[in-house]
Amino acid sequence: MARNMAGFGHDFLAFCPYTGGVSELYATHMRDLRENTRRPPAVAGMFYPADAAELARAVEACLARGAGAEGPQPPRAIISPHAGYAYSGWLAGAAWQSTAGADIRHAVVLSPSHRHAFAGIALPSGGAYAMPGFDLAINTAARTALMEAGLAHIEDAAHDREHGAETQFPFLHALHPQADVLPLVLGQVEDAQVAAALDLLDGLLGHPLFVLSSDLSHFLTEGAAIAHDDAASRLIETGAWQSLSGAHACGARGIRGYLASRTGQGARAVRLARATSAEVTHDTSRVVGYGAWALYGPEGDAIRRDDRAALLRVAREALAGRTATGRDPKIDPASFHPRLRSHGAAFVTLTRAGRLRGCIGSLTAHRPLVQDVAQNAICAGHADPRFAAVTAGELAEIHLKIAVLGPPAPMAFASEEDLLAQLRPGEDGLILSDRGRRGTFLPMVWESLPEPAAFWRQLKRKAELAEDHWSDTLEVQRYRAESFAEG
């Protein structure tokens, strides 16, 4: 094939009129040839069925098992495993099912490099993938933009036998047949370069779906793998991405790059499923861990209606149990859906006859969301120093409201005026820290303090700082909150 292409290029040059540099003309011609090639599948028959009909049935079965993963809005990104479908296909189905119904025209798939060592971000040279039963177009314009920006380069050797991206393509085609794809294979590359590439693509393609292809722990005993995967889940869900390593997840570079980017900043990671290969092989001595997550942007909602109802029910039952017995009830996170076992930070507010009766919460995620809600409901009723403990006679009149906080992101500002200009009334929660003092206002505080200057002054007072306080050591973090209440 290479000899035929080279010979054709020589004939092409011989019979075309000369209009410029020969090397430029030849390079243009060879690029056109590459972009018209269709790359055959590399791992069909190994990681997924090679027969088109059988592949379609396998993907349909995986998606069916992942039913119920849909959120209140489509995610901005997903974390999807890439092992053989027999082992992790249903988890990939859960990750992809969360995108069902979305109008996705472009997908960007980030894969680790399993078989080829190189530096940077590798792009394929072809124009499409010839998958069993369908062709999948490569977004050549986005590829060119990354190359012109110096953020990625063509290196086919990184893609030739790579399964990390290819295993995602049948799911993309099944749910979003109109979409094209740009696969990025990551070699030795800094988080900042990956983040810059994703930010460029997000602007160019108008919020494509980012697919972060990754398995979790590799070749540990099942007990060790579960502990290792628990740690990886905590890092992903709490936004502590800087500590995520290749030992936690083979796709750590893609996950870190996304969470480091402006596009992924403040993302809420909702766990959809977790498993190990032992569920299929029954061999617990040497397993691989898998997980599926949907990552939602800071805007909009990430919590399903039925999950909201479950959290409100847990909060009320926890408060009632403590009020009745004087002991904190036991909450077993494992008895709840994985979505509610995601690490999360929540505030629980109690009101009675429209007046505040208690409010306690967590600023940062440090335990499963369902556990955080239950404990903060108990503390709001029995540990808020501003109020006496809630009594059994009050419970029927108590109204509960929950605010689930997104990961806080640091703000950069040159002056107090610059900070105030960046605030988004009605949307931003703020955490102020300086000189050993700390205070926060939830976004709902804007209802009573709608002016940024007043909001900021009162936050400083809450942090026990003077209203005119300002210093070079002052730090501010911004977050969003998703609020819902009984009734």
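Two strands pair if DSSP finds at least two bridges between them. The model shown in these views is predicted.

**View 1. Three strands, β1, β5 and β6, form an open sheet.** The strand order is β1-β5-β6. Pairing in this sheet is mixed. β5 covers residues 128-131 and pairs with β6 in the antiparallel sense. Four bridges join β5 and β6. Within this pairing, M131 stands opposite F134 in β6. Which strands stand at the edges? They are β1 (38-39) and β6 (134-137). Each has a single partner strand, so one side of each is left without a neighbour in the sheet.

**View 2. Strand β3 pairs with both β8 and β9.** Strands of a sheet pair through backbone hydrogen bonds, either parallel or antiparallel. β3 spans residues 106-112. Is this strand mostly covered or mostly open? It is mostly covered: six of its seven residues are buried. β3 pairs with strand β8 (residues 180-186) in the parallel sense, over seven bridges. There, S111 has V185 of β8 as its bridge partner. β3 also pairs with strand β9 (residues 209-213), again in the parallel sense, over four bridges. In that pairing, V108 has F210 of β9 as its bridge partner.

**View 3. H218 lies in strand β10.** The strand holds residues 218-220. How is H218 placed, buried or exposed? It falls in between: H218 is partly exposed because its relative accessible area is 30%, and the partly exposed class runs between the cut-offs of 20% and 50%. The side chain of H218 reaches the backbone oxygen of L216 at 2.8 Å. Beyond its neighbours within four places in sequence, H218 is in contact with C250, V287 and V288. Q188 is 30 residues from H218 along the chain, and their C-alpha atoms are separated by 20 Å.

**View 4. R478 sits in strand β19.** R478 has 17% relative accessibility and so counts as buried, since the cut-off for buried is under 20%. What does its side chain reach at 2.9 Å? It is the backbone oxygen of Q422. R478 also touches Q422 in the wider list of contacts, which leaves out residues up to four places away in sequence. Among the others in that list are P407, P408, A409 and M411. The list further includes L423, R424, D428, G429 and L430.

**View 5. The largest pocket has a volume of about 610 Å³.** Lining this pocket are 21 residues. Which of them are closest to its centre? They are F347, C359, R386, T440 and K462. Four elements give two or more residues to the lining: β13 (345-352), β14 (355-361), β15 (398-405) and β18 (437-441). The lining holds ten nonpolar, six polar and five charged residues.

**View 6. The second largest pocket holds about 420 Å³ of space.** It is lined by 25 residues. Closest to its centre are Q265, G266, P298, R424 and R480. β16 (409-410), β19 (475-479) and β20 (481-485) each supply at least two residues of this lining. By class, the lining has nine nonpolar, six polar and ten charged residues. Two names recur from View 4: R424 is a contact of R478, and β19 is the strand that holds R478.

**View 7. The largest cavity has a volume of about 60 Å³.** Rolling a probe the size of a water molecule over the atoms shows where empty space is left. The count comes to two cavities of 30 Å³ or more. Lining the largest cavity are R268, V270, A302, I303, R304, D307, R339, L340 and L369. β11 (268-276) and α13 (338-341) are the elements that give two or more residues to this lining. Five lining residues are nonpolar and four are charged, with no polar residue.

**View 8. The second largest cavity has a volume of about 40 Å³.** Which residues line this cavity? They are R39, Y129, H159, E162, A165, E166, F169 and V185. Four of these are nonpolar, one is polar and three are charged. V185 also appears in View 2, as the bridge partner of S111.

How values were computed. Residues are numbered from 1 along each chain as its sequence is written. This is a predicted model: local features need pLDDT of at least 70, side-chain atom pairs count only at pLDDT 80 or more; totals for chains, interfaces and linings use all residues. Side-chain values use heavy atoms; hydrogens and water are left out. On a 1 Å grid over the protein atoms alone, a cavity is a set of points where a 1.4 Å probe fits but cannot get out, and a pocket is an open set with protein on both sides within 12 Å along at least five of seven lines; lining residues have an atom within 4 Å of a point. Grid points are joined across faces, edges and corners, and a volume is the space filled by probe spheres set on the points. Ala, Val, Leu, Ile, Met, Phe, Trp, Tyr, Cys and Pro count as nonpolar, Asp, Glu, Lys and Arg as charged, and the others, Gly among them, as polar. Buried means under 20% relative accessible area, exposed over 50%, partly exposed in between (1.4 Å probe, protein chains only). Contact means heavy atoms within 4.5 Å. A polar contact is a pair of N or O atoms within 3.5 Å; within protein, one must be able to donate a hydrogen and the other to accept it, and residues adjacent in sequence count only if both atoms are side-chain atoms.
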